[in-house]
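Here is a short report on one helix and the aromatic contacts of a protein chain. The model is a predicted one.

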Amino acid sequence: MNFTGKEDIEKPIDEVFAAITDHEAFEKQVMRRGHEISRTDTLTAPGVGMGWKMRFPIRGQMRDLTAKVSTFDQPEHVVLDVTIGGLDAVVKVDLIELSRMRTRMNLDIELMPRTITSRVLVQSLRLRRASLTQSLRRRMADFALQVEGRAAPTA
């Protein structure tokens, strides 16, 4: 099962790539929501091999998530491999430079169930596909506004 979305952002591709790879900011967001997160790698710069472990509640039960960066092609492409229990997911973010000050962000999330329980979960997600896709697009639009509101980095 796939979820996709696209959003145009009024910033240069390098700034958008910096925002989507600002892992410290994403880690802080997770912690602000009261979830546990820890790095599983020792890399000092963003790149292939970065990984995290998270713990958070879903449907009243604590779940463990692992995520690892499998592709890192600056400034156009990032892929995360994610596992939550018996569910694997591949999250792909592609950036396309539309002009010097405009970038299109494409997001593709592919869910691959490995157990019967995760197959049932994915089936229930299929029933809510329209609302989940709308929610994804709303979050992408919010992210675009955040990126557009950031000041340009100084050299």
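The notes below take the helix, then the ring pairs, then a charge over a ring.

## Helix H4

Helix H4 covers residues 129–149, 21 residues in total. Its first and last C-alpha atoms lie 30 Å apart, close to the 30 Å expected at 1.5 Å a residue. Thr 133, Leu 136, Met 140, Phe 143, Ala 144 and Val 147 are buried in H4. They share one side of the helix because they cover an arc of only 105° around the axis.

That buried side packs against four elements: strand S1 (2–9), helix H1 (13–20), helix H2 (23–32) and strand S7 (102–113). The face turned away from it carries exposed residues: Ala 130, Gln 134, Arg 139, Leu 145 and Gly 149.

## Aromatic pairs

There are two aromatic pairs. Phe 17 and Phe 72 meet edge-to-face, with 5.3 Å between centres and 70° between planes. Phe 17 lies in helix H1 and Phe 72 in strand S4 (residues 61–73), so the pair bridges 55 residues of chain. Phe 17 is buried at 2% relative accessibility. Phe 72 is buried too, at 17%.

Phe 26 and Phe 143 have ring centres 6.3 Å apart and planes at 20°, so this pair counts as stacked. It links helix H2, home of Phe 26, to helix H4, home of Phe 143, 117 residues apart. Phe 26 is partly exposed, with 33% relative accessibility. Phe 143 is buried at 13%.

## A charge over a ring

Arg 129 places its charged end over the ring of Phe 3. The distance to the ring centre is 5.4 Å.

Terms used. Residues are numbered from 1 along each chain as its sequence is written. This is a predicted model: local features need pLDDT of at least 70, side-chain atom pairs count only at pLDDT 80 or more; totals for chains, interfaces and linings use all residues. Side-chain values use heavy atoms; hydrogens and water are left out. Helices (H or I, at least four residues) and strands (E, at least two) are DSSP runs, numbered from the N terminus. The expected span of a helix is 1.5 Å times one less than its number of residues. Buried means under 20% relative accessible area, exposed over 50%, partly exposed in between (1.4 Å probe, protein chains only). The arc is that of the directions from the helix axis to the C-beta atoms. Contact means heavy atoms within 4.5 Å. Rings of Phe, Tyr and Trp (its six-membered ring) pair if their centres lie within 6.5 Å; planes under 30 degrees apart count as stacked, over 60 as edge-to-face and the rest as tilted. A charge sits over a ring if NZ of Lys or CZ of Arg is within 6 Å of the ring centre and within 35 degrees of the ring normal.
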